[in-house]
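Colleague: Please take a close look at one part of this model, the nonpolar core. Keep it brisk, and give the cut-offs as you go.

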Amino acid sequence: MPPLSWEQTNTLLAPFRGTALYSVRLALFYLSNKRPARPLRGALHPFALASRGFSLARPLPIPRDLRYLFVTDYAAEGGYGTLQPLLAGCPGPALLAGPQPVGRLHARPFLHVDQHALRLLSPGDFARARADYRRLHRETPDATRPELERLAPAIGALLCRAYAYERLARSVRDRCAGPLTVLTPNDFSGLCLNFGQAADRWITLQHGLPSLEYFPTSSPEYLLWGEAFRAPFLRAGAAPASLRVVGAPRLDRYAAPAPPPPAGRTLLFLSQTHAATLSPPQHRQILAVLHDAARSTGLPLRIRLHPLEDRSFFTAFAPPVSFTPRGVSLADDLATATFVASFGSTAMLEAMLARRPVMQILPPGLHPPGGFHARWTPDSADQLAALWSTLDPRDALALQQPWLERYLANPGQASAAAWRHILLPPAA
């Protein structure tokens with residue numbers, strides 16, 4: 001039985017929009033596509049069942065005057081992420097909430113959601129999960145039922161977690177004396193959906209270049225990075241009034257004057273082989289173009305792996321090709337690169353802000369993800385080699401600037417622009 005596609009998952013769960021069942025769609029899609037030998041274990045792992053410091057007696061640390069709750073399941077958020085710049089400048093009482101990996105990097109007050117959600121599990125949840133699963137099973141086409149049945153225990157675990165998140169979100173809201181605004185970096189994960197739906201006001205910030213899981217949208221208010229991103233959201237059915245362009249707060253730090261590209265012709269490749277936006281054959285097509293161009297030019301190539309990927313796709317790459325060591329910051333990596341290339345990494349925008357010409361390598365016939373299209377898009381090894389060998393990086397920056405303006409509003413001032421919007425009364 002083939003894994004569920006994102007379109008199949010959305011179609012299957014669309015009738016349950018607004019319920020706990022709908023909130024498990026992303027986890028269900030990933031469990032189906034990763035095809036773990038033990039899908040139940042994969043479903044339970046994020047629930048932190050063995051979390052250190054778990055205590056049934058631990059009180060819920062929610063101040064009565066709480067106005068802003070920042071909710072995320074993005075592990076890097078505690079250090080620096082989509083919400084952190086807004087949290088740092090928050091004008092009212094605020095709290096960050098998320099799973100344990102977020103809290104480890106966060107020095108301020110933190111709500112460990114799984115630790116508290118576990119206290120809210122009920123014996124009745126198992127009966128509710130069975131009933132919800134039966135509803136889903138009835139709606140499932142015959143062709144996909146075997147895959148659904150394979151994942152049945154994992155779906156049950158995911159549903160029980162969703163019920164606990166529902167109760168925790170309502171409990172947080174009930175403890176607040178006034179209106180509560182919830183801010184999230186996505187509107188598709190179970191955690192963000194359940195907390196957003198319980199809030200008086202729910203605002204989502206664009207986290208990166210929109211990929212398949214961004215659509216369809218659920219958040220009533222969506223803050224976009226630039227005007228060019230409005231079109232893909234509208235095509236996917238987002239309400240026009242829900243979209244507001246403010247810029248990318250997480251990129252504000254790159255707005256400071258950056259040094260020009262260094263001498264030489266080093267290409268930094270921002271890898272994304274973990275991304276489900278492309279199939280494995282398409283990832284291999286991109287890497288074949290990169291590999292052949294590097295071999296034909298003999299010019300320096302450095303590969304920066306995403307934190308979620310490994311080198312399994314890179315067996316053909318050998319010295320003098322190098323890999324950025326884990327722990328080296330993107331800013332330091334960019335500083336020693338002349339050019340940058342990627343398929344669809346958000347860091348392409350950071351590279352533009354850091355004054356590095358950016359090339360986008362796309363598989364044949366594939367449109368750019370999320371509507372992002374760089375100034376240079378070589379579709380063969382020969383084209384990439386020609387750009388790599390002859391493009392003048394200083395002249396290229398002047399040609400690239402109009403591209404940056406389409407995709408990024410208010411560079412360096414996006415946090416302030418976001419707060420101006422948030423502090424306005426919500427549209428009727």
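Modeller: Here is the core, followed by its setting in the chain.

This is a predicted model, so local features need pLDDT of at least 70, side-chain atom pairs count only at pLDDT 80 or more, and totals for chains, interfaces and linings use all residues. Residues are numbered from 1 along each chain as its sequence is written, and side-chain values use heavy atoms, with hydrogens and water left out.

A nonpolar core here is a set of buried Ala, Val, Leu, Ile, Met, Phe, Trp, Tyr and Cys residues joined through side-chain atoms within 4.5 Å. Buried means under 20% relative accessible area, exposed over 50%, partly exposed in between (1.4 Å probe, protein chains only). The largest such core has 45 residues. Within it, Ile62, Leu66, Leu69, Val172, Val182 and Phe195 touch the most other members.

Several elements give two or more residues to this core. Among them are the helices H1 (6–13), H2 (25–34), H7 (124–139), H9 (152–175) and H10 (190–198). Strands S1 (68–71) and S2 (94–98) are also on that list. H9 gives the most, with twelve residues. Helices (H or I, at least four residues) and strands (E, at least two) are DSSP runs, numbered from the N terminus.

Now zoom in on Phe195. Set aside its neighbours within four places in sequence, and Phe195 is in contact with Leu69, Val71, Val113, Tyr165, Leu168, Ala169, Val172 and Val182. Contact means heavy atoms within 4.5 Å. In soluble globular proteins, nonpolar side chains tend to be buried together.

Another core lies apart from the largest one. This other core has 30 residues, including Phe269, Ile303, Leu362 and Leu391.

Now the setting. The protein chain has 17 helices and twelve strands. Its radius of gyration is 22 Å, close to the 22 Å that the globule rule gives for 428 residues, so the chain is as compact as a globular protein of that length. That radius is taken over C-alpha atoms, and the rule is 2.2 Å times the number of residues to the power 0.38. The C-alpha trace spans about 65 × 50 × 40 Å along its principal axes. Of the 428 residues, 54% count as buried. Take the contacts with a separation of 6 or more: residues 24 or more positions apart account for 67% of them.
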